[in-house]
Amino acid sequence: QVQLVESGGGLVQPGGSLRLSCAASGSIVSIYNMAWYRQAPGKQRELVAVISSGVNTSYADSVKGRFTISRDNAKNTVYLQMNSLKPEDTAVYYCHAILRIATMTRPYSSWGQGTQVTVSS
């Protein structure tokens with residue numbers, strides 16, 4: 001009913017930048033929170049950043065000052081600008097959204113398929 005499609009991952013050197021995008025499509029009435037999570041090999045998935053429908057934001061301590069989350073409500077898209085990347089940022093990054101969809105009265109949770117970010121020299 002809803003698809004989240006991420007793009008923008010890749011290989012970057014330490015200190016470099018990447019911009020991730022996640023576009024939501026389907027029977028969307030409205031989108032509440034949108035967020036980015038990441039999962040490194042052998043580790044649990046962790047919250048990186050979240051943005052509310054009112055554009056309030058929150059970040060993991062490990063990325064504060066380096067990453068910026070933003071959204072374009074007209075395009076149902078959330079972005080993650082990642083600067084000053086470190087090897088420890090290497091992970092699969094997942095987009096998550098809590099939405100109101102046409103066929104359900106309660107909020108609906110949806111995940112993207114993930115995009116690999118590798119920070120290495």
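Contact, in what follows, means heavy atoms within 4.5 Å. With that term in place, good morning, colleagues. The model before you is a predicted one, and I shall begin with a single residue before turning to the chain as a whole.

The residue is S52. Leaving aside its neighbours within four places in sequence, S52 is in contact with Y32, N33 and R71. It sits in the loop between β5, residues 46-51, and β6, residues 57-59. Is S52 buried or exposed? With a relative accessible area of 16%, S52 is buried, because the cut-off for that class is under 20%.

Let me now place that loop in its setting. The protein chain holds 11 strands and zero helices. Read along the sequence, the pattern is therefore β-β-β-β-β-β-β-β-β-β-β, by the run assignment used here. Along the principal axes, the C-alpha trace spans about 45 × 25 × 25 Å. For 121 residues, a compact globule would have a radius of gyration near 14 Å, and the value for this chain, 14 Å, agrees with that.

Two further figures describe the packing. Of the 121 residues, 41% are buried. Among contacts with a separation of 6 or more, 56% join residues 24 or more positions apart. As to the surface, the chain exposes about 6,300 Å², of which carbon and sulfur atoms supply 47%. The side chains include 11 positive and 6 negative ones, and the centres of these two sets lie 6 Å apart.

I turn next to the covalent cross-link. How many disulfides does a search of the whole structure find? The search finds one. The partners are C22 and C95, with their sulfur atoms 2.1 Å apart. This pair links distant parts of the chain: C22 belongs to strand β3, residues 18-26, and C95 to strand β9, residues 91-101, with the two positions 73 residues apart in sequence numbering. The link is left-handed, at -80 degrees about the S-S bond. Both cysteines fall in the buried class: C22 has 0% relative accessibility, and C95 likewise has a relative accessible area of 0%.

Another pairing across the sequence involves V29, which lies in strand β4, residues 28-39. V29 and R100 are 71 residues apart in sequence, yet their C-alpha atoms are 5.3 Å apart in space. Beyond its neighbours within four places in sequence, V29 is in contact with R100, I101 and A102. Is V29 itself buried or exposed? V29 is exposed, with a relative accessible area of 57%, because exposed means over 50%.

Finally, I draw your attention to the backbone at two loop positions. N76 is not a glycine, although its phi is positive, at about 50 degrees. This residue lies in the loop between β7, residues 67-72, and β8, residues 77-82. N76 is partly exposed, with a relative accessible area of 24%. The second position is S84, again a residue other than glycine, with a positive phi near 50 degrees. S84 is found in the loop between β8 and β9. Its relative accessible area of 42% makes S84 partly exposed.

To draw these points together, the predicted model shows a chain of 11 strands and zero helices, with one disulfide that joins C22 and C95. S52, with which I began, is buried in the loop between β5 and β6. Thank you for your attention.

Key
Residues numbered from 1 in each chain as written. Predicted model: local features only at pLDDT ≥ 70, side-chain atom pairs only at ≥ 80, totals over all residues. Heavy atoms only, no water. Helix = DSSP H or I, 4+ residues; strand = E, 2+ residues; numbered from the N terminus. Rg over C-alpha atoms; globule rule 2.2 N^0.38 Å. Buried < 20%, exposed > 50% of the residue type's maximum accessible area, 1.4 Å probe, protein only. Areas by Shrake-Rupley, 256 points an atom, 1.4 Å probe, with all protein chains shown as cover. Lys, Arg positive; Asp, Glu negative; His and termini not counted. Charge placed at Lys NZ, Arg CZ, Asp CG, Glu CD. Disulfide = S-S within 2.5 Å.
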